[in-house]
Amino acid sequence: PLAAAASRCQAAVLIGADRTGALARLPPALPVLRADLVAADHDLAGQRVAAFAGIARPEKFFASLAAAGAEVVQATGFPDHHRFTADELAALLAGAARRGARPVTTRKDAVRLPPALRDRVAVFAVRLAWQDPDAIERLLIP
């Protein structure tokens, strides 16, 4: 439960908008560090992409692609830690080809791709952009 976890924390990290109301459930005195996911060294702006991801909230990945300027023409989510089958991957690649799109996935998912397919799928990495970059240091160095 959130209250039990918060009692063991020195701070919480909120990534993106608080769409679940988590801030209201945290202890008022608990520092909250805020950050956003941003593209790390990628220029997909204007490119048509067929995105797929087996992460906890694939819609966040799709939103990150769109925020980076990619035109997401296919978005396929799988359960977290999904092991892609050969048939699923063939369907994803065929769908991307039909749409004239570049297949793209997360770094986490790319490691589960068969080696023969890794060069056919772009990897979109993200990084945290802290709203207050000095806040972490202030917490760590009293």
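Two strands pair if DSSP finds at least two bridges between them. The strands themselves are DSSP runs of E with at least two residues, helices are runs of H or I with at least four, and both are numbered from the N terminus. Keep those in mind as you click around. What you have open is a predicted model, where local features need pLDDT of at least 70, side-chain atom pairs count only at pLDDT 80 or more, and totals for chains, interfaces and linings use all residues. Residues are numbered from 1 along each chain as its sequence is written, and side-chain values use heavy atoms, with hydrogens and water left out.

**Stop 1: the three-stranded sheet**

Select strands S1, S2 and S7. They make an open sheet in the order S1-S2-S7, and the pairing is mixed. Strand S1 (12-15) and S7 are the edge strands, each pairing on one side only. From one strand to the next, the twist averages 40°; for angles like this, axes are lines fitted to C-alpha atoms (for helices, over the stretch in contact), and the values run from 0 to 180 degrees between N-to-C directions.

Now zoom in on strand S2 (residues 32-39) and S7, which are antiparallel and share five bridges. Pick Ala 35 and you'll find Trp 130 of S7 opposite.

Stay here and click Leu 128, which sits in strand S7 (residues 126-130). Is Leu 128 buried or partly exposed? With 31% relative accessibility, Leu 128 counts as partly exposed. Here buried means under 20% relative accessible area, exposed means over 50%, and partly exposed is in between (1.4 Å probe, protein chains only).

Add Leu 37 and Val 126 to your selection: with Leu 128 they form a nonpolar surface patch, with about 190 Å² of accessible area together. A patch is built from residues with over 30% relative accessible area and no salt bridge, joining like charges within 9 Å and nonpolar side chains (Val, Leu, Ile, Met, Phe, Trp, Tyr) within 5 Å. The areas come from the Shrake-Rupley method with a 1.4 Å probe, and for residues only the protein chains shown count as cover.

**Stop 2: the four-stranded sheet**

Next, select S3, S4, S5 and S6. This open sheet of four strands has the order S4-S3-S5-S6, with parallel pairing. Strand S4 (71-77) and S6 are at the edges with a single partner strand each, so one side of each has no neighbour in the sheet. Ignoring direction, neighbouring strands here are turned by 30° against each other on average.

Look at the pair S3 and S4: they run parallel and are joined by six bridges. Ala 50 has Gln 74 in S4 as its bridge partner. Five of the six residues of S3 are buried, so S3 is largely enclosed by the rest of the structure.

Over at the S6 edge, three bridges join strand S5 (residues 102-106) to S6, again in parallel. One spot to click is Thr 106, which stands opposite Phe 124 in S6.

**Stop 3: the helices on that sheet**

Turn on helix H3 (residues 58-67). H3 packs on the sheet and touches strand S3 (48-53), S4, S5 and S6, with its direction at about 160° to that of S3. Helix H4 (residues 86-98) lies across S3, S4 and S5, running at about 165° to S4.

**Stop 4: Val 121**

Find Val 121 in the loop between helix H5 (107-110) and strand S6 (122-124). Val 121 counts as buried, because its relative accessibility is 8%. Which residues does Val 121 touch, leaving aside neighbours within four places in sequence? Val 121 is in contact (heavy atoms within 4.5 Å) with Phe 52, Leu 93, Pro 103, Val 104, Thr 105 and Leu 113. Thr 105 is 16 residues away in sequence, yet 7.0 Å away in space, C-alpha to C-alpha.

**Stop 5: salt bridges**

A salt bridge is a side-chain nitrogen of Lys or Arg within 4 Å of a carboxyl oxygen of Asp or Glu, and by this rule there are five.

- Select Lys 108 and Asp 80: their closest N and O atoms are 2.6 Å apart. Lys 108 lies in helix H5 and Asp 80 in the loop between S4 and H4, so the pair ties together parts 28 residues apart in sequence.
- Then try Asp 109 and Arg 112, at 2.4 Å between the closest N and O atoms. Asp 109 is buried at 0% relative accessible area, and Arg 112 is buried at 18%.
- Finish with Glu 59 and Arg 57, whose side chains meet at 3.0 Å, N to O. Glu 59 is partly exposed at 42%, as is Arg 57 at 36%.
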